Amino acid sequence: MAPENPSHPSENDLPYVLILKPPPSFVILGDHFFNSTKFRFLKAYESPLPLAHFLLAHAQSVQAILSSGGAPVTADTIRLMPLLRLVVTTSQGLNHIDLSECRRRGIVVASAGTIYSADCADSVVALLIDVLRKVSAADRFVKQGLWSSQGEYPLGSKLGGKRVGIVGLGSIGSEVAKRLEAFGCSISYNSRKKKPFCSYPFYLNVRELAANCDALIICCALTDETHHLINKEVLSALGKDGVIINIARGPIMDEKELVRCLVEGEIRGAGLDVFEHEPDVPNELFALDNVVMSPHNAVFTWESFEDLRKLVVGNLEAFFSNEPLLTPVVLDDQPHFSG
C-alpha cells in the first residue's frame with residue numbers, strides 16, 4: 001500500500017467548521033457545495049442533542065463557524081466556543097452575528113462581500129417595474145381568463161422620469177442607482193454619512209427623502225438605528241402615489257403599518273423580498289394586486305452561488321493556512337444590532 005501523502009491529511013485530521021443551520025446554498029445545491037481538502041463540517045443541526053449540549057461537547061474542537069442569515073451567532077453561542085477565532089457568513093448582511101462579542105473576543109468575521117450586489121440590484125429594478133407596470137397582476141388577469149370577459153387591463157405607470165430615493169447607498173444601493181439612472185430616473189439618497197464623491201442629493205432625514213420621491217428603495221443594513229426606520233411618518237410622507245421596495249431586511253420596516261397603508265390605499269404599492277417574521281407573511285398581502293413578493297431570494301442566482309462557493313471556501317482555506325482573509329469585516333466600523 002502506498003504511504004499516505006502528508007500534504008493531504010485524512011478527513012479525520014481536518015479541522016472542524018461548525019454549521020448551526022444549513023445555509024440556503026446547502027439546501028438548494030447539497031451539503032457538498034463548500035467541500036474542501038483543508039477542513040470538514042461539523043453539523044449541529046444533524047445532532048439530536050440540544051444545541052448548548054452539542055456545543056459544549058465540541059467546545060475544544062471548533063475554531064470556525066459557517067453562518068447564514070437564518071442561523072444567528074449569538075453571544076451565548078460564542079461564549080460556549082473558547083477556541084473560536086473565525087465566523088464566515090454566506091450573507092452580505094451581518095445583523096445575525098453579535099459583532100460586539102466578536103470584537104471583544106478577538107474573533108474575525110468574513111462576509112459575502114459585494115458578490116450579491118449586482119443580482120440584488122437587478123431584483124430591485126424587476127420588483128419596481130413589476131409594481132409600476134402591474135406585470136404580475138396582469139399575468140394573473142390573463143391566466144384567469146379575465147381578459148375576454150372584462151376587457152382591457154388598468155393602466156400602469158412608466159419608470160422613466162421617476163424620482164427614486166435610496167435608503168443606504170452602499171454597494172447594493174450604488175448598483176441600484178446606476179441601473180435606475182439608465183432608465184432616466186433622478187436619484188437621491190439617505191445614508192449613515194454623506195458620500196464625499198457622490199453627486200446625488202443627500203437627505204439626512206428619511207422622512208424628507210420619502211416626501212421628495214416617487215419610489216423609496218430600502219438597501220440599508222439592519223441595525224438598532226434602522227429597526228422600524230420605515231414607519232408611519234415615512235410612509236405617510238411617501239404618499240398615495242409612492243411605491244416602496246425592500247430587499248434589505250424585513251424589520252427595517254414597521255410591517256403592520258406597511259400593511260395598513262397598502263390595504264387602505266395610503267401608498268400605491270410595494271415590492272417585497274423580505275419580511276419582518278420570515279417565513280411568515282401577513283395574510284392581508286396575498287389579495288393585493290399592488291404588492292409583488294418574493295421569498296427572500298433577491299440575490300439567489302446560479303452565478304451568485306458559484307461566486308459564494310469560491311469566496312466561502314477561499315476564506316476558510318485562507319484561515320486554516322494562516323493567510324489573509326478574502327473579505328474581512330472591519331468590526332470597528334460596524335453599527336450594532338441587538339436583535
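A residue is called buried under 20% relative accessible area, exposed over 50%, and partly exposed in between. H228, at 25% relative accessibility, therefore counts as partly exposed. The model described here is predicted. The points below cover an open sheet of 5 strands, a run of strands around β10, a region annotated in UniProt, and several single residues.

**The open sheet**

- The 5 strands of this open sheet follow the order β2-β1-β3-β4-β5, and their pairing is parallel.
- β2 (40-43) and β5 (108-110) are the edge strands; each has a single partner strand, so one side of each has no neighbour in the sheet.
- On average, neighbouring strands of this sheet are turned by 25 degrees against each other, direction ignored.
- Within the sheet, β1 (residues 16-19) pairs with β3 (residues 62-67) in the parallel sense, over 4 bridges.
- In this pairing, Y16 is opposite V62 of β3.
- Helix α12 (residues 302-320) packs on the sheet and touches β1, β3, β4 (86-89) and β5.
- The direction of α12 makes about 170 degrees with that of β3.

**Strands β9, β10 and β11**

- β9 (residues 243-246) runs parallel to β10, and 4 bridges join the two strands.
- I245 stands opposite G271, which belongs to β10.
- Together with helix α11, strands β9 and β10 make a right-handed β-α-β unit.
- β10 is also joined to β11 by 3 bridges, again with the strands running parallel.
- On this side, G271 is opposite V292 of β11.
- In a regular strand, side chains alternate between the two faces of the sheet.
- In β10, G269 and G271 point one way, while A270 and L272 point the other way; all are buried.

**Helix α11 and E257**

- E257 lies in helix α11, which covers residues 255-263.
- With a relative accessibility of 14%, E257 counts as buried, because the cut-off for buried is under 20%.
- Apart from neighbours within four places in sequence, E257 is in contact with N231, K232 and L235.

**The annotated region**

- An unreviewed UniProt entry places the feature "domain: D-isomer specific 2-hydroxyacid dehydrogenase NAD-binding" at residues 125-298.
- Over residues 125-298, the chain is 33% helix and 14% strand.
- The end C-alpha atoms of this stretch are 11 Å apart.

**Backbone exceptions**

- Most residues other than glycine have a negative phi, and most peptide bonds are trans.
- H228, which is not a glycine, has a positive phi near 55 degrees.
- H228 sits in the loop between β8 (215-218) and α10 (232-238).
- N322 is not a glycine either, and its phi is positive, at about 55 degrees.
- N322 is in the segment after α12, and its relative accessible area of 75% makes it exposed.
- The peptide bond joining E278 and P279 is cis, with omega about 5 degrees.
- P279 is located in the loop between β10 (269-272) and β11 (291-293).

**K194 in its loop**

- K194 belongs to the loop between β7 (186-190) and α9 (206-211).
- Is K194 buried or exposed? Its relative accessibility is 57%, so K194 counts as exposed.
- Leaving out residues up to four places away in sequence, K194 touches Y189 and F202.
- K194 and L169 are 25 residues apart along the chain, and their C-alpha atoms are separated by 9.3 Å.

Methods:
Residues numbered from 1 in each chain as written. Predicted model: local features only at pLDDT ≥ 70, side-chain atom pairs only at ≥ 80, totals over all residues. Heavy atoms only, no water. Pairing = 2+ DSSP bridges. Axes fitted to C-alpha atoms, helices over the stretch in contact; angles between N-to-C directions. Contact = heavy atoms within 4.5 Å. Buried < 20%, exposed > 50% of the residue type's maximum accessible area, 1.4 Å probe, protein only. UniProt positions renumbered as here; feature names shortened; annotations may be inferred. Right-handed = clockwise from strand over helix to strand, strands pointing away.
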